[in-house]
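This report describes the ligand site and the enclosed spaces of one protein. Please consult the sequence and the structure alongside the text.

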Amino acid sequence: MIEKIRSEFPILGTKVHGKSLVYLDSAATSLKPQSVVERLSQFYNFENANVHRAAHELSATATENFERVRALTCKFINASSSSEIIFTSGTTDSVNLLANSLTSSFLKSGDEIILSEMEHHSNIVPWYMAAKKMGLVLKMISVDESGELDLDHLESLITKKTKIISLTYISNVLGTINPIQKICKLAKNKNILTVIDAAQAMAFMRVDVRELDCDFLAFSAHKMMGPFGVGVLYGKSGLLEKMPPFHGGGGMIDEVKIENITFADVPFRFEAGTPNISGVIAFGKAIEFLEAIGFENISKLELDLRSYMDSKLREIKGVKIYGKPKEKAAIISFNIEGVHASDVASVVDQMGVAVRAGHHCAQILMRKLAVHAVVRASFGIYNNKSDVDRMIVAVEKARELLL
Ligand SMILES: Cc1ncc(COP(=O)(O)O)c(C=O)c1O
């Protein structure tokens, strides 16, 4: 199966520094299968038109295809209705929408929002900006030694003023899979809204919003085989209907008079301006691609590779792997004692292996781990055992050269 999957990613034939590419940076962005890339060019070559505007045939077809992907996305995450799916430009955009619209509709000065120490900056900065503007209080759940959220600490942070808990499903550094269903239940019992950043979860595991019973869920197409510039915000319709728009412009109004403007229904109220039409339509192909392989196969293949890499890395002297949570996705962050992470990544790159080094937009977590940077290897459905072997040889070489 894996060879057939790999054949759908022509980029794997690319040479990097004269060597064939080993791509271990899927947590930053996944590779895109040919079907997604071809759908983009088909749209521009033969179907190019704006949606929801003109009555001509191409526009009607583009609208139909665009709305079909909304319905497909609804089914993919098991939402109750397509109107619960808002297309954005990515996870960051989705969280910004919430941090503006949700806080202005449901929160007042002094109210509290709980985040965690393992959040990506895109689930911290928008809330911070809203907190500054509205006088809200931000609190952080601490991460324990094993890289898990301290749930006792979470309970101790909750007060009568807690209105939102916004958490990542999977840590983009530690790979920790958080007990989101449990946390949503706890929040619901206390009338607290839940926002889930599922950026790292969507290409790895089945995400079912009704099973989780979260109020909002944000994710990016480009991390799940789809194009750049497309994201999704899921929200329960009862809540979305009470929220004001975030961006203003064309396509999101009911009637405009200079003295009064009324807004379109959900979800269009939140989609001002021309959306990324080609991107959304091609995103449909990404969903079909993931569904065709099946999440059981995806998770198993990636977890097997992660365990294999984990055990091989541990054999290398001086390697420290961060986090040992019970539930962990296919992400490994590590350092070699005495060597800077970016030097490791650049030696490894010279050998054709793409990994990432840095703070991974998680400076609060870096501080907790007492490091400035880590090297991160992250897997996709197109990786194989030989990729891990090449990575291990490259890390050994880095250690030899840099120590
Ligand atoms: C956990 C997590 N949240 C949010 C984001 C931001 O995603 P985007 O840049 O696509 O908006 C990322 C990207 O790395 C991420 O890993």
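What volume does the largest pocket have? The largest pocket has a volume of about 310 Å³, where a pocket is, on a 1 Å grid over the protein atoms alone, an open set of points with protein on both sides within 12 Å along at least five of seven lines. A volume is the space filled by probe spheres set on the points, which are joined across faces, edges and corners. This is a predicted model, in which local features need pLDDT of at least 70, side-chain atom pairs count only at pLDDT 80 or more, and totals for chains, interfaces and linings use all residues. Residues are numbered from 1 along each chain as its sequence is written, and side-chain values use heavy atoms, without hydrogens and water.

The largest pocket is lined by 21 residues (those with an atom within 4 Å of a point), and Ala27, Ala28, His120, Asn172 and Lys223 are the closest to its centre. Because domain 1 (2-26 + 295-402) and domain 2 (37-291) both give residues to its lining, the largest pocket lies between them. The domain bounds come from an automatic or database domain assignment.

The space taken by the ligand is the largest pocket; a molecule sits in a pocket if more than half of its atoms lie within 2 Å of its grid points. Residues surrounding the ligand (a heavy atom within 4 Å) include Thr91, His120, Ser122, Asn172, Gln200 and Lys223. Polar contacts (pairs of N or O atoms within 3.5 Å) reach the ligand from threonine 92 at 2.6 Å, from aspartate 197 at 2.5 Å and from serine 220 at 2.7 Å. The ligand taken alone exposes 390 Å², of which the protein buries 86%, by the Shrake-Rupley method with a 1.4 Å probe.

A search of the whole structure finds 1 cavity of 30 Å³ or more, a cavity being a set of points where a 1.4 Å probe fits but cannot get out. The largest cavity has a volume of about 180 Å³. Its lining comprises 19 residues, with Ser26, Gln200, Ala203, Glu302 and Phe379 closest to its centre. Domain 1 (2-26 + 295-402) and domain 2 (37-291) each supply at least three residues to the lining of the largest cavity.

The table gives the residue classes.

| Residue set | Nonpolar | Polar | Charged |
|---|---|---|---|
| Shell around the ligand | 1 residue | 9 residues | 2 residues |
| Lining of the largest pocket | 5 residues | 12 residues | 4 residues |
| Lining of the largest cavity | 12 residues | 5 residues | 2 residues |

Here Ala, Val, Leu, Ile, Met, Phe, Trp, Tyr, Cys and Pro count as nonpolar, Asp, Glu, Lys and Arg as charged, and the others, Gly among them, as polar.

Terms used. A polar contact is a pair of N or O atoms within 3.5 Å; within protein, one must be able to donate a hydrogen and the other to accept it, and residues adjacent in sequence count only if both atoms are side-chain atoms.
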